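Work through the exercises below with the chain in view. Try each task before reading its solution.

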Amino acid sequence: MSRPDLTGLQPVYRVHLGRALRWVVTGAVALIAASTVHRLLNHPDGWDVGLAVGQVVVFGSLLLQQWRRPDAVFVLEDGLVWQQSFRRRTAVPWHDVREVRPGSRRKGYSSAVLANGRRLPLVAMPLPDARHLADALTASR
């Protein structure tokens, strides 16, 4: 397999407001966790326990989604690199990228499907660039 033609694509696609939003959500979850612990330590009734569990589930899932989303996607000659919070990087060579699925109305961002079936989001990549990358990847095979 040859490398896809990356002409016209940016080398880096960054999520600009993601980091600030992550810290705001993390702070909100910390405050909610503190109030939940306080509520559960002061003779809770059924309503307190149910509310505490609901808060943990809703805000915990929001926090998990925010921290799993990449800060940047690098489109390199060797493959794709996802940079997540705290400088964690996931590099995937082109031969491990099975396909690129451009976003749709229902799903606002594009994704790359890997050889093992995992999907990695291309949240910062505009739809025309994702279509171009999908066509280039198909043409290189």
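## Exercise 1: A residue in a strand

Leaving aside neighbours within four places in sequence, T90 is in contact with L80, V81 and W82, where contact means heavy atoms within 4.5 Å. The model is predicted, so local features need pLDDT of at least 70 and side-chain atom pairs count only at pLDDT 80 or more, while totals for chains, interfaces and linings use all residues. Residues are numbered from 1 along each chain as its sequence is written, and side-chain values use heavy atoms, with hydrogens and water left out.

Task: In which strand is T90 found, and what distance separates its C-alpha atom from that of L80?

Solution.
- Step 1. T90 belongs to strand β4; strands are DSSP runs of E with at least two residues, helices are runs of H or I with at least four, and both are numbered from the N terminus.
- Step 2. T90 and L80 are 10 residues apart along the chain, and their C-alpha atoms are separated by 8.3 Å.
- Step 3. Seen from L80, the contacts beyond four places in sequence include T90, A91, V92, W94 and L133.

## Exercise 2: The order of elements

Task: How many helices and strands does the chain have, and what pattern do they follow along the sequence?

Solution.
- Step 1. The count is 3 helices and 7 strands.
- Step 2. Reading along the sequence gives β-α-α-β-β-β-β-β-β-α.
- Step 3. Of the contacts with a separation of 6 or more, 51% are between residues 24 or more positions apart.

## Exercise 3: Two sheets

Task: In what order do the strands lie in the sheet of 4 strands and in the sheet of 3 strands?

Solution.
- Step 1. Strands of a sheet pair through backbone hydrogen bonds, either parallel or antiparallel. Here two strands pair if DSSP finds at least two bridges between them.
- Step 2. The open sheet of 4 strands has the order β1-β2-β3-β4, with antiparallel pairing. Its edge strands are β1 (12-14) and β4 (88-93), each of which pairs on one side only. Its neighbouring strands are turned by 15 degrees against each other on average, direction ignored; axes are lines fitted to C-alpha atoms, for helices over the stretch in contact, and angles run from 0 to 180 degrees between N-to-C directions.
- Step 3. Within this sheet, 6 bridges join β3 to β4, and Q84 stands opposite R88 in β4.
- Step 4. The open sheet of 3 strands has the order β5-β6-β7, and its pairing is antiparallel. β5 and β7 are the edge strands, and the twist averages 20 degrees from one strand to the next.

## Exercise 4: S111 and its partner

Task: Is S111 buried or exposed, and which residue of β7 is its bridge partner?

Solution.
- Step 1. S111 is found in strand β6 (residues 110-114).
- Step 2. S111 counts as buried because its relative accessibility is 2%; buried means under 20% relative accessible area, exposed over 50% and partly exposed in between, with a 1.4 Å probe and protein chains only.
- Step 3. β6 and β7 pair over 4 bridges in the antiparallel sense. The partner of S111 in β7 is P121, and that of S110 is L122.
- Step 4. Beyond four places in sequence, S111 touches residues including E99, V100 and R101.
- Step 5. The hairpin of β6 and β7 has 4 residues between the strands, and G117 takes a positive phi near 95 degrees there.

## Exercise 5: The salt bridge

Task: Which side chains meet in a salt bridge?

Solution.
- Step 1. A salt bridge is a side-chain nitrogen of Lys or Arg within 4 Å of a carboxyl oxygen of Asp or Glu.
- Step 2. The whole structure holds 1 salt bridge. R101 and E99 form a salt bridge at 3.0 Å, N to O.
- Step 3. R101 is partly exposed at 30% relative accessible area, and E99 is partly exposed at 28%.

## Exercise 6: The nonpolar core

Task: Which element gives the largest share of the largest nonpolar core?

Solution.
- Step 1. A nonpolar core is a set of buried Ala, Val, Leu, Ile, Met, Phe, Trp, Tyr and Cys residues joined through side-chain atoms within 4.5 Å.
- Step 2. The largest core has 20 residues, and those with the most contacts inside it are V75, L80, W82, W94, V97 and L133.
- Step 3. Elements that each supply at least two residues include β2 (72-75), β3 (79-84) and α3 (127-139). The largest share, 4 residues, comes from α3.
- Step 4. α3 lies across β5 and β6, at about 145 degrees to β5.
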